[in-house]
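Hi everyone, thanks for coming. I'd like to walk you through a structure that is new to most of us, so settle in and have a look.

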Amino acid sequence: MTLAFEQLLNGLQLGVLLYLVAAGLTLVFGVMRVVNLAHGSFYMLGAYFVVAFASWTGSLMAGAVLALAATTAVALVVERLVIARLYRREPLDQLLATFGIVLFFDELAPLVWGPAGLTLALPPGLAAGVQLLPDLAVPVWRLVILAAGGLVAAGLGIVVARTRTGAWIRAGAADPETAQTLGVNLPLLFRGVFALGAALAGLAGILTAPLLTVQSGMGNDILVLAFVVVVLGGLGSMRGALAASLALGILDTAGRAALPELLAAVLSPEAADTAAPALSSMVVYVAMAAFLWARPDGLFPAPRR
Amino acid sequence: MTRPSPAVVAVTVLLMALAAAPLLAAATAQPFVLFLLTRLMILAIAATGLNLVLGIGGMPSFGHAALVGVGAYAAAIVALQTGGGAWTQTFWAVAAATLAAFAMGAISLRTRGIAFILVTLALGQMLFFFAAALEPLGGDDGINVPATFAGDAGFYYAVFALLAAATAATAWVRATPFGMALRGGAVNEDRIAAAGIDLPRVRLLAFAASGAVCGLAGALTTFHTAFVSPAAMGWSRSAELVAMVLVGGAGAVAGPLFGTAAFVALEELLSGYTTRWHLVFGPVLVIVVLAARGGIAGWIDGRTRD
């Protein structure tokens, strides 16, 4: 019971981080019709920046705020230099150009921060455990991650559905030309949406930095999972991204936890030991394939434009 | 008789230069050049395989490096487990990659446009993670494979012949009814379907055939380096293959050869200055994509026509 609950928390945590990355990806695609391979770079930059700024200021919170600002600033430069020229181009051109950006940042990071991976120690207050069950203590930071994900999901939902900015975003996604005719400042909207998406990816990187080794290329693995989320949720769909992120996070964690035992029941121990890691890393992709077979357009297909 | 297009002339010159290279390398005692050119030609074979779906069929796959990897691993497994020779290795490499491509195509072709790209990328990444988790085959680190060929000129010419054959086959397929249907599907799906052609079947066949060519390239990689590793299967390698095809000129028969040559030349040039050559290569790729359309093949043909 305790174990299952702990795995559920792990799954939710992965799901929340995935959601933060995928939300920006699907938002940018929904409004600008741009697929950005460099989105994972903002996740990586967020993580590197928080390590650097936290050690500079001596405070994790100050470091996180500065890291968020720095990631957004880099994103604005990238938007101005490259992305803004890609809005009317073929998807393949967009992917290749943003792939060039990935190569650049993956090489720049070790140049600036050194080739060895960086770690970020949590202050005692945030590393301390909260007794959720009689025999289960969870570090505060992991609850912070879950809370941040919930807040962002709720905040995005309210902004997009209820505010004037949200109306601009929806109008931009539905019909950019008409929106512009009606007075929406399209270049400004695009820049803002891109910065928001990058900031969300940066936030995911900041939240995850204390939990793992910050290194070059770390954005590329989560990016692929975020793509799976975006396709499964339906391209451009925010609620689809939320549902698919949480489902994939839990599925991946459950697969890694349960597969070794399941395989051990049907295979010899040696064969199970060999097969379990290989097969458990494939679970989410097999699930994606099976789901797309039934629903090629994903959970919440976006209306065509 | 029609005059051959400048791109055809250029590819002929390039192939003739490749054919003469071993003589030059022997004369100048630069065996490294031969190793490099062999690598270039194997990459060009893989890019030719990708060109069939990406360039000719208009199906932008971002998972093809994984298919090359499936071929490479199949050849390695045959060599390690059974001690099978080059023919057996090649057979299983092509068979495994064709099967993997068939499955990848069957799933990804249910989607369109961007989703297709992302699904091929994800499925390729699945194969990458599978290979990385194969502990008996070295896991993340990869594994050495008994050398099948000792870097001799015979192997060089075998790879050369296969590249020439793959390039010729592309030219031939483009002109067959199958190739016409494939090209038509890239331009207007509805009209091809209205002509009574089973486009999904044509596309799936092309995807599987493209996997077979990539599997062959994978086996050749294993022969060439006597080493397999999952690092060659990741999505960024697939993106590099796409870049080679697009920079060369998607759909053009000679596109993959031009693109691969440009890619390898740039890589050699930049890595001569710094190990962090991606720092320059990334922005160069951005600029090339923003500035150029039609690739090198289109540029050569277009420039002389003006």
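**Where the two chains meet**

Let's begin at the interface: 42 residues of chain B are in contact with 45 residues of chain A. Please keep in mind throughout that this is a predicted model.

How much area do chain B and chain A bury between them? The answer is about 4000 Å², and 82% of that is on carbon and sulfur atoms. On the chain B side, the residues that lose the most area to chain A are R110(B), W235(B) and R276(B), and together they make up 17% of what that side buries.

One of those three, R276(B), turns up again when we look at charges. Side chains of opposite charge can pair when their charged atoms come close. Across this interface the rule finds one salt bridge, and the partners are E107(A) and R276(B), with 3.0 Å from N to O. As for polar contacts, six residue pairs are counted between chain B and chain A, with both residues at pLDDT 80 or more.

Which helices of chain B each supply at least two residues of the side that touches chain A? They are α4 (86–108), α5 (113–132), α10 (235–248) and α12 (278–291). The biggest giver is α5(B), with 12 residues. Sorted by class, that side of chain B has 32 nonpolar residues, six polar ones and four charged ones.

**An enclosed space and an open one**

Now for the spaces. The structure holds one cavity of 30 Å³ or more, and the volume of this largest cavity is about 40 Å³. Both chains help to line the cavity: from chain A there are L25(A), F29(A), V35(A), N36(A), F227(A), V230(A) and L235(A), and from chain B there are I114(B) and L118(B). If you want to find the spot by helix, look at α1 (2–32) and α10 (218–233) of chain A and at α5 of chain B, each of which supplies at least two lining residues. You may remember α5(B) as the helix that gives the most to the side of chain B touching chain A. The cavity lining divides into eight nonpolar residues, one polar and no charged.

Next, the second largest pocket, which holds about 1300 Å³ of space. It is lined by 45 residues, and the closest to its centre are A231(B), A232(B), M233(B), S236(B) and R237(B). Here α10(B) gives the most to the lining, with six residues. By class, the lining has 24 nonpolar, 14 polar and seven charged residues.

**Two links within a chain**

To finish, let's look inside each chain. Over all chains the structure holds eight salt bridges. Among them is the one between R88(A) and E177(A), at 3.8 Å from N to O. These two are 89 residues apart: R88(A) sits in the loop between α3 (60–81) and α4 (91–113) of chain A, while E177(A) belongs to helix α8 (residues 176–181) of chain A.

In chain B, try finding L43(B), which lies in helix α2 (residues 31–56). What does L43(B) contact once its neighbours within four places in sequence are left aside? The partners are L241(B), M244(B), T260(B) and V264(B). There is also T221(B), which is 178 residues from L43(B) in sequence, yet their C-alpha atoms are 8.7 Å apart in space.

That's my tour, and I'm happy to take questions.

Methods
Residues are numbered from 1 along each chain as its sequence is written. Chains are lettered from A and ligands numbered from 1 in the order in which they are written. This is a predicted model: local features need pLDDT of at least 70, side-chain atom pairs count only at pLDDT 80 or more; totals for chains, interfaces and linings use all residues. Side-chain values use heavy atoms; hydrogens and water are left out. Contact means heavy atoms within 4.5 Å. Buried area is the accessible area (1.4 Å probe) that two parts lose on being put together, summed over both. A salt bridge is a side-chain nitrogen of Lys or Arg within 4 Å of a carboxyl oxygen of Asp or Glu. A polar contact is a pair of N or O atoms within 3.5 Å; within protein, one must be able to donate a hydrogen and the other to accept it, and residues adjacent in sequence count only if both atoms are side-chain atoms. Helices (H or I, at least four residues) and strands (E, at least two) are DSSP runs, numbered from the N terminus. Ala, Val, Leu, Ile, Met, Phe, Trp, Tyr, Cys and Pro count as nonpolar, Asp, Glu, Lys and Arg as charged, and the others, Gly among them, as polar. On a 1 Å grid over the protein atoms alone, a cavity is a set of points where a 1.4 Å probe fits but cannot get out, and a pocket is an open set with protein on both sides within 12 Å along at least five of seven lines; lining residues have an atom within 4 Å of a point. Grid points are joined across faces, edges and corners, and a volume is the space filled by probe spheres set on the points.
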